[in-house]
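I opened a fresh notebook page for this one. Here is what I looked up, entry by entry.

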Amino acid sequence: MLRKLLALSLFGITGCATETAPPSDWIDVPLSATTYFEHGTVYQEGVYQIPVAAGADLEHKINMNEGDIVVYSWSVAMADPELLTAEFHGHTERVGDAPGTVMFYKVHTDGKESGSLKAPFTGVHGWYLNNQSAEDIVVELKVAGFYTE
């Protein structure tokens with residue numbers, strides 16, 4: 001009986017030690033500069049219904065600081081989505097007569113897009129929507145991340 005109790009006690013101790021011991025087969029990988037980001041901008045989410053009249057164009061803008069990240073998707077229900085050009089781009093604010101910086105990220109003509117952006121500079125980033133159809137449309141844009149309106 002004592003032998004059985006001793007065996008159970010040793011097994012319990014061994015079992016606990018095995019479960020709590022750190023694994024020895026992990027390789028610690030150094031953190032790269034492009035893996036983890038802290039943000040000074042508050043995280044937010046938005047769903048925007050953007051009406052674009054027939055034959056009209058407009059721009060939906062958000063402000064981002066350099067290094068801020070957003071994830072987004074947009075879609076539109078229309079008879080011929082190829083008649084909507086959606087251009088995702090960003091630009092800096094102009095100071096005086098000095099030229100600003102502009103960067104074009106993506107142009108779509110298929111009625112939907114999803115992606116993410118790490119802002120290459122502080123400025124205005126957004127979607128230029130050009131509705132070349134004869135119908136009024138509503139583009140639904142979902143954005144989550146670090147930005148301000």
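**Entry: salt bridges.** I looked for salt bridges, meaning a side-chain nitrogen of Lys or Arg within 4 Å of a carboxyl oxygen of Asp or Glu, and the count came to one. Lys-142 and Glu-140 are the partners, at 3.8 Å from N to O. Side chains of opposite charge can pair when their charged atoms come close. I then checked accessibility, where buried is under 20% relative accessible area, exposed is over 50% and partly exposed is in between, with a 1.4 Å probe and protein chains only. Lys-142 is partly exposed because its relative accessibility is 42%. Glu-140 also counts as partly exposed, since its value is 26%.

**Entry: ground rules.** I noted that this is a predicted model, in which local features need pLDDT of at least 70 and side-chain atom pairs count only at pLDDT 80 or more, while totals for chains, interfaces and linings use all residues. Residues are numbered from 1 along each chain as its sequence is written, and side-chain values use heavy atoms, with hydrogens and water left out.

**Entry: strand β3.** Strands here are DSSP runs (E, at least two residues), numbered from the N terminus. Which side chains of β3 are buried? In this strand, residues 69-76, I found an alternation: Val-70, Tyr-72, Trp-74 and Val-76 point to one face and are buried. Ile-69, Val-71, Ser-73 and Ser-75 point to the other face and are not buried.

Next I followed the partners of β3, taking strands as paired if DSSP finds at least two bridges between them. Seven bridges join β3 to β6 (residues 112-118), running antiparallel, and there Trp-74 has Glu-113 as its bridge partner. Seven bridges also link β3 to β8 (residues 137-146), again antiparallel. In β8, Lys-142 stands opposite Ser-73; Lys-142 is the residue I met in the salt bridge with Glu-140.

**Entry: an open sheet.** I traced four strands in the order β2-β7-β4-β5, with antiparallel pairing. β2 (57-64) and β5 (102-108) are the edge strands, each pairing on one side only. From one strand to the next, the twist averages 20°, using axes fitted as lines to C-alpha atoms and angles that run from 0 to 180 degrees between N-to-C directions. Six bridges join β4 (residues 84-91) to β5, and His-89 is partnered there with Phe-104.

**Entry: two asparagines.** Asn-63 lies in β2 and is partly exposed, because its relative accessibility is 30%. Its C-alpha atom is 4.7 Å from that of Val-124, 61 residues apart along the chain.

Asn-131 is in β7 (residues 123-131), and it counts as buried because its relative accessibility is 0%. I listed its polar contacts (pairs of N or O atoms within 3.5 Å, one able to donate a hydrogen and the other to accept it; residues adjacent in sequence count only if both atoms are side-chain atoms). The Asn-131 side chain reaches the side chain of Ser-133 at 2.7 Å, and one of its polar atoms is 3.2 Å from the backbone oxygen of Ala-53.

**Entry: the core.** What is in the largest nonpolar core? Such a core is a set of buried Ala, Val, Leu, Ile, Met, Phe, Trp, Tyr and Cys residues joined through side-chain atoms within 4.5 Å. I found 22 residues, and those with the most contacts inside it include Trp-74, Trp-127 and Leu-129. β1 (43-52), β2, β3, β4, β7 and β8 each supply at least two residues.
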